[in-house]
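This report examines a protein model, with attention to its charged pairs, its interior, its surface and the confidence of the prediction. Please keep the sequence and the structure in view while reading.

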Amino acid sequence: MTYLLSSLVNGLVFGLLLFMVSAGLTLIFGMMGVLNFAHSSLYMLGAYLGYSIGRWTGFWPALLLAPLAVALLGAFIERFMLRRVHQHGHAQELLLTFGLALIIHEAIKLLYGPYPVEYTIPTELAHTAFNVNGLNFPLYRLFIGAVAVSMFGSLFLLMKYTRVGLIVRAALSQPLMVESLGHNVGFVFLLVFAIGAALAGLAGAVAGAFYPTGPNMAEDLGSIVFVVVVVGGLGSLEGALIASLAIGLLTTLTVGLDGTLAGALGPLGLSRWATSIGGPFTITLSSLTGSLPFLIMLVVLLVRPAGLMGERA
């Protein structure tokens, strides 16, 4: 019971963290059609900036300044880099952002070294929220969840019920019509990219104090975030939230399970036979945890190529 409760709590927090990172990519990749391979690097940059700024200003001002700095960098990338190659297609965008990811990764290692930094939780949040069956639930986990839920609510209201959201959605589908109405489509795209980068920076600044802030943190989440966007449906915030929670819970629940297919065949009297064959019959569920998100993506693409909440063509 304790393991199940612990796994559910950890999986929920991990899923909300995935949503915080994937929310920005949902805007950029799903709504602009830009393959931003450097998105997880912006998440890492937000964590390191939160750590650096926080040493001078404290945790809370850094939580505002770090995403703002990442947003400015995102605006620069869109205006002076991506806009030059956007007309040439996705391949050039992918190569450009892949190069940016490598540059950010190497710059982090040059400035901070190859080891994690001591980015700590603020004292006012370094407490236990509650205790269930001897399991302590850190208050900072609640803070991560609150930030993720607030992020979802703010984006949902902004995109669905405000004039800004209406202009953004119209600019993505009918740019010529929006330009004819007097709106600057280029600025709209720059704004969307900057907001997406800021969301990644905020996720890094929040998560970096709880999870290790190191030069490999972008690689740990980079590919999974793309899986979340594809599984949820391109451009769908609701789908990204559902996919993030599902992947977070499933991966956390299976990481501690050592069951095998051979063991499952025990009631049929085939366990010894399956064990003698080996191969897939003796692979533990925990060893499949890393590939589980990609398996989920494969199944979803086969059943519903548009994703869980994506619009059908």
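## A charged pair within one helix

Lysine 109 and glutamate 106 both lie in helix α4 (residues 90-112), and because they are 3 residues apart there, about one helical turn separates them. The two residues form a salt bridge, in which the closest N and O atoms are 3.6 Å apart. The model is a predicted one, and these distances are computed from it.

Both partners can also be described by their accessibility. Lysine 109 has a relative accessible area of 31% and is therefore partly exposed. Glutamate 106 likewise counts as partly exposed, because its relative accessibility is 40%.

## The other salt bridge

How many salt bridges does the structure hold? There are 2. Besides the pair in helix α4, arginine 83 forms a salt bridge with glutamate 78, and here the closest N and O atoms are 2.9 Å apart.

Is glutamate 78 buried or exposed? Buried means under 20% relative accessible area; glutamate 78, at 6%, therefore counts as buried. Its partner, arginine 83, has a relative accessible area of 33%, so arginine 83 is partly exposed.

## The nonpolar core

The largest nonpolar core comprises 81 residues. Within this core, Met20, Tyr43, Tyr140, Phe143 and Val206 touch the most other members. Helix α1 (residues 2-32) supplies the largest share of the core, namely 13 residues.

Phenylalanine 143 illustrates how residues distant in the sequence can meet. When residues up to four places away in sequence are not counted, phenylalanine 143 touches Phe59, Trp60, Leu63, Leu125 and Val206. Val206 is itself among the core residues that touch the most other members.

## A nonpolar patch on the surface

Nonpolar residues also appear on the surface. Leu295, Leu298, Val299, Leu302 and Val303 form a nonpolar patch there, and together they have about 510 Å² of accessible area.

One member of this patch, leucine 295, is found in helix α13 (residues 292-303). Leucine 295 counts as partly exposed because its relative accessibility is 48%.

## Confidence of the prediction

Across the protein chain, the average pLDDT is 85, and 91% of the residues score at least 70.

Which elements mark the two ends of the confidence range? Helix α2 (residues 39-57) has the highest mean pLDDT, 95, whereas helix α11 (residues 261-264) has the lowest, 65.

Methods. Residues numbered from 1 in each chain as written. Predicted model: local features only at pLDDT ≥ 70, side-chain atom pairs only at ≥ 80, totals over all residues. Heavy atoms only, no water. Patch = residues over 30% accessible without salt bridge, like charges linked within 9 Å, V, L, I, M, F, W, Y side chains within 5 Å. Areas by Shrake-Rupley, 256 points an atom, 1.4 Å probe, with all protein chains shown as cover. Salt bridge = Lys/Arg side-chain N within 4 Å of Asp/Glu carboxyl O. Helix = DSSP H or I, 4+ residues; strand = E, 2+ residues; numbered from the N terminus. Buried < 20%, exposed > 50% of the residue type's maximum accessible area, 1.4 Å probe, protein only. Core = buried A, V, L, I, M, F, W, Y, C linked by side-chain atoms within 4.5 Å. Contact = heavy atoms within 4.5 Å. pLDDT = per-residue confidence, 0-100.
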